[in-house]
Amino acid sequence: MTAPRTAPGTPLPVVLAGARGHGRWHVANIRRLEAEGIVRLAGICELTPLTEDEFGGELPEQSADFGALLDSTGARIAVICTPIPTHTDLALVAAERGVHILLEKPPAPSYAEYRRMADGVAAAGVACQIGFQSLGSHAVPAIRELVEGGAVGRVVGIGGAGAWVRPEEYFRRAPWAGRRRLNGVDVVDGALTNPLAHAVATALALADSTRAEDVAGIETELLRANDIESDDTSCVRITTARGGSVTVAATLCAERADEPYVLVHGTSGRITFWYKQDRVLLQRAGHGPEEMRFGRTDLLENLVAHLTDGTPLLVAPDRTGAFMQVVEAIREAPDPAPLPDGAWHRVPGENRRVVPGVDGLVAAAADTLSLYSELGAPWALPAHHLPKEVSTR
């Protein structure tokens with residue numbers, strides 16, 4: 001269902017749920033669009049109200065009651081940046097009031113909750129954008145054009161790599177951090193499902209396999225060096241319905257932080273996309289390497305354009321169905337295996353755990369479309385295989 005148009009020229013009132021942590025990025029982005037006359041921050045929903053010092057200026061209306069705040073402010077858009085298990089319920093609170101939604105990724109902690117959210121939003125007739133910012137990069141359609149034009153020959157697979165570092169405090173930043181479940185409720189906060197979720201979603205987008213029905217099978221290897229429930233060093237291989245392969249490897253225990261990237265493998269070349277930088281490197285037979293940089297469309301700005309002039313949404317819920325199949329596979333997989341003590345060490349003075357050699361393994365997985373166990377990592381377990389037929393119900 002297409003959302004009803006909003007007259008252009010009047011800033012749309014926005015309520016932000018979750019203004020701390022990553023929510024600070026949304027505050028800054030809303031302020032930027034406010035200065036351009038596109039939106040107006042009408043309210044903030046936080047269980048503990050922000051102070052003016054925290055917010056950095058005069059505060060809009062605040063309430064811990066999301067629905068009441070949407071009603072009192074007359075919000076047209078809700079930006080939801082709250083703990084993962086709350087996403088579906090809050091999205092439906094907004095949808096029931098006819099309020100359009102920008103929902104932070106991952107959209108839900110399970111496929112069933114994602115389906116409940118997506119179906120409820122569709123039934124309410126409101127627009128919903130899922131916050132995979134990398135899918136707003138102009139590099140994504142440009143890479144598709146290169147592939148369709150035969151720039152690298154026939155595509156034989158897509159790889160993804162994310163080697164990041166996180167201190168142990170990262171996993172204590174919130175009660176749900178580093179958890180698979182909390183008080184009996186799914187969380188599924190792992191390296192591939194949250195901090196490096198963009199690598200998975202972007203790889204699936206470049207494989208033109210973003211919908212739930214585009215996934216035929218999934219293999220996972222989930223491990224952890226930190227004292228947490230969820231994975232901090234993991235890889236996944238997705239078999240697409242068209243027979244393609246997408247392999248993404250990630251770690252939060254790298255020796256050195258690196259820019260995450262997605263790699264398109266072709267029979268006569270390759271395309272590397274550093275998605276946080278909107279930077280692309282094209283390498284192909286018979287040509288010198290070509291580097292390109294692209295702009296990016298902000299997803300909140302795109303949502304406003306959708307409401308005012310019918311511009312298509314960049315990341316509607318159905319474009320994250322394949323990603324949610326990956327989340328579900330990780331949710332259903334055995335709990336991540338702890339790495340043996342000899343497989344990791346602490347970095348003096350940095351309070352973080354490092355898995356020696358994992359940086360190279362992450363890169364090799366993206367380069368060869370292999371899992372850690374296939375690359376000979378001594379601590380890797382054989383892949384957990386899901387049936388080739390993946391349910392989309």
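Is V93 buried, partly exposed or exposed? In this predicted model, V93 counts as partly exposed, at 23% relative accessibility. The cut-off for a buried residue is under 20%. The residue lies in helix α4, which spans residues 87-96. Beyond the residues up to four places away in sequence, V93 touches F66, G67 and L70. The C-alpha atoms of V93 and A68 are 9.9 Å apart in space, and the two residues are 25 apart in sequence.

The helix around V93 is largely enclosed by the rest of the structure, because 7 of its 10 residues are buried. These buried residues of α4 are H87, T88, L90, A91, L92, A94 and A95. Their packing partners are two helices and two strands: α3 (66-73), α5, β4 (77-80) and β5 (100-103). After α4 comes G98, with a positive phi near 75°.

The overall fold comprises 10 helices and 20 strands. Its radius of gyration is 21 Å. That value agrees with a compact globule, because a globule of 393 residues would have a radius near 21 Å. Along the principal axes, the C-alpha atoms fill a box of roughly 60 × 50 × 40 Å. Buried residues make up 58% of the 393 in the protein. Among contacts with a separation of 6 or more, 70% are between residues 24 or more positions apart. The accessible surface comes to about 15,700 Å². Carbon and sulfur atoms account for 51% of that surface.

A second hydrophobic side chain, I271, was examined in strand β14 (residues 269-274). I271 is buried, with a relative accessible area of 0%. Its contacts, leaving aside neighbours within four places in sequence, include I143, L146, V147 and V152. Also in contact with I271 are V262, L263 and V264, along with V280, L281 and L282. G342, in turn, is 71 residues from I271 in sequence. The C-alpha atoms of I271 and G342 are 36 Å apart in space.

Charged groups were considered next. The protein carries 37 positive and 49 negative charges. The mean positions of the two sets are 2 Å apart. Side chains of opposite charge can pair when their charged atoms come close. A search of the whole structure finds 26 salt bridges.

One of these salt bridges joins E113 and R116, with the closest N and O atoms 3.0 Å apart. Both residues belong to helix α5 (residues 111-124). They are separated by about one helical turn, because they are 3 residues apart in that helix. E113 is partly exposed, with a relative accessible area of 22%. R116 is partly exposed too, with a relative accessible area of 34%.

Another salt bridge links D318 and R211, where the closest N and O atoms are 2.7 Å apart. D318 lies in the loop between α8 (299-309) and α9 (321-332), and R211 in the loop between α7 (197-206) and β10 (215-224), so the pair ties together parts 107 residues apart in sequence. D318 counts as partly exposed, at 35% relative accessibility. R211 also counts as partly exposed, at 36%.

A further pair consists of E374 and R237, and the closest N and O atoms of this salt bridge are 2.7 Å apart. E374 is placed in the loop between α10 (358-368) and β20 (384-385), whereas R237 is in strand β11 (residues 233-240), so the bridge ties together parts that are 137 residues apart in sequence. The partners fall into separate accessibility classes. E374 is partly exposed, with a relative accessible area of 44%. R237 is buried, with a relative accessible area of 12%.

Salt bridges also form a network. It links R32, E36, D298 and E301.

Notes:
Residues are numbered from 1 along each chain as its sequence is written. This is a predicted model: local features need pLDDT of at least 70, side-chain atom pairs count only at pLDDT 80 or more; totals for chains, interfaces and linings use all residues. Side-chain values use heavy atoms; hydrogens and water are left out. Helices (H or I, at least four residues) and strands (E, at least two) are DSSP runs, numbered from the N terminus. The radius of gyration is taken over C-alpha atoms; the globule rule is 2.2 Å times the number of residues to the power 0.38. Buried means under 20% relative accessible area, exposed over 50%, partly exposed in between (1.4 Å probe, protein chains only). Contact means heavy atoms within 4.5 Å. Accessible areas come from the Shrake-Rupley method with a 1.4 Å probe; for residues, only the protein chains shown count as cover. Lys and Arg count as positive and Asp and Glu as negative; His and the chain ends are not counted. The place of a charge is taken as NZ of Lys, CZ of Arg, CG of Asp or CD of Glu. A salt bridge is a side-chain nitrogen of Lys or Arg within 4 Å of a carboxyl oxygen of Asp or Glu.
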